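Here is a short tour for anyone meeting this structure for the first time. Have a look at the sequence and the model, then read on.

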Amino acid sequence: MVEIERKFLVNSWNFINESHNSNKITQGYLNSSAERTVRIRLKNKDAFITVKGKSNSSGTTRFEWEKKIDYNEASQLLELCEDFVISKTRYLVKNGQHEFEIDVFHGENEGLIIAEIELKDENEAFAKPDWLGEEVTGQIEYYNSYIAKKPYKLWK
């Protein structure tokens, strides 16, 4: 139940042509403290509750627990969430033995596109596609829990 991932900004829309799947996601945070986050997510017709622990010093590794829950109950829990609810489309792109998840944010976070890759080891090598931009792993402002409080449109 440990998640190891790296995050990157995306510098072009070329990933769209490589995508093999996409999902609409709505999510909010019941708790977004520095020590833990509790997230409610609607993904297509499914719903989940996720608890994530504090990241390690590099920002790549943290505890993660997720469980599928009733969609209607999750919809009601979203109404209790802090600040802004996030809306995004997630595109999946295979990359060798890995898969990138590219989140294109909507609403108050329009203009922000972040790619994530999950790894087995913090230092695991992977191919970097041409559309992959600056690494933002461990930069708190690119965590979903942060942009739920301070949306991207307010950064400028």
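## Starting from one histidine

Let's begin at His 106, which sits in the loop between β7 (98-105) and β8 (113-118). Keep in mind that this is a predicted model. Is His 106 buried, exposed or something in between? Its relative accessible area is 24%, so His 106 counts as partly exposed, given that buried means under 20% and exposed over 50%.

As for its company, His 106 touches Ser 87, Lys 88 and Thr 89, once residues up to four places away in sequence are set aside. Its side chain also reaches the backbone oxygen of Val 104, at 3.4 Å. Ser 19 is another matter: from His 106 to Ser 19 is 87 residues in sequence and 18 Å in space, C-alpha to C-alpha.

## A second stop in that loop

Asn 109 is also found in the loop between β7 and β8. What about its exposure? Asn 109 has a relative accessibility of 3%, so it counts as buried.

Who surrounds Asn 109? Leaving out residues up to four places away in sequence, Asn 109 touches Ile 86, Ile 147, Pro 151 and Tyr 152. With Tyr 152 there is a polar link too: a polar atom of the Asn 109 side chain lies 2.7 Å from the backbone nitrogen of Tyr 152.

## What the record says

UniProt, in an unreviewed entry, places the feature "domain: CYTH" at residues 1-149. Over residues 1-149, the chain is 50% strand and 11% helix, and the C-alpha atoms at the two ends are 26 Å apart.

## The largest pocket

Now for the open spaces. The largest pocket has a volume of about 350 Å³, and 22 residues line it. Nearest its centre are Glu 3, Arg 39, Arg 41, Lys 52 and Glu 64.

Which element gives the most to this lining? That is β3, with 4 residues. Among the elements that each supply at least two residues to the lining of the largest pocket are β1 (2-10), β6 (86-95) and α3 (144-147). By class, the lining of the largest pocket has 15 charged, 4 polar and 3 nonpolar residues.

## The second largest pocket

Next comes the second largest pocket, at about 290 Å³. It is lined by 19 residues, and Ser 33, Ala 34, Ile 140, Tyr 143 and Ser 145 are the closest to its centre. Two or more lining residues come from each of β3, β4 and α3.

What is the make-up of this lining? In the second largest pocket, the lining residues divide into 9 polar, 6 charged and 4 nonpolar.

## A closed space, and Ser 55 beside it

How many cavities of 30 Å³ or more does a search of the whole structure find? The search finds 1. The largest cavity has a volume of about 70 Å³, and β1 gives the most to its lining, with 3 residues. Residues lining the largest cavity include Glu 3, Lys 7, Ser 55, Arg 62 and Tyr 143. The lining of the largest cavity has 6 polar, 4 charged and 1 nonpolar residues.

Ser 55 lies in the loop between β4 (46-53) and β5 (61-69). Apart from neighbours within four places in sequence, Ser 55 is in contact with Thr 61, Arg 62 and Tyr 143. With Tyr 143, the side chains are joined by a polar contact of 3.0 Å.

Methods. Residues are numbered from 1 along each chain as its sequence is written. This is a predicted model: local features need pLDDT of at least 70, side-chain atom pairs count only at pLDDT 80 or more; totals for chains, interfaces and linings use all residues. Side-chain values use heavy atoms; hydrogens and water are left out. Buried means under 20% relative accessible area, exposed over 50%, partly exposed in between (1.4 Å probe, protein chains only). Contact means heavy atoms within 4.5 Å. A polar contact is a pair of N or O atoms within 3.5 Å; within protein, one must be able to donate a hydrogen and the other to accept it, and residues adjacent in sequence count only if both atoms are side-chain atoms. UniProt positions are given in the numbering used here, feature names are shortened, and annotations may be inferred rather than shown by experiment. On a 1 Å grid over the protein atoms alone, a cavity is a set of points where a 1.4 Å probe fits but cannot get out, and a pocket is an open set with protein on both sides within 12 Å along at least five of seven lines; lining residues have an atom within 4 Å of a point. Grid points are joined across faces, edges and corners, and a volume is the space filled by probe spheres set on the points. Ala, Val, Leu, Ile, Met, Phe, Trp, Tyr, Cys and Pro count as nonpolar, Asp, Glu, Lys and Arg as charged, and the others, Gly among them, as polar.
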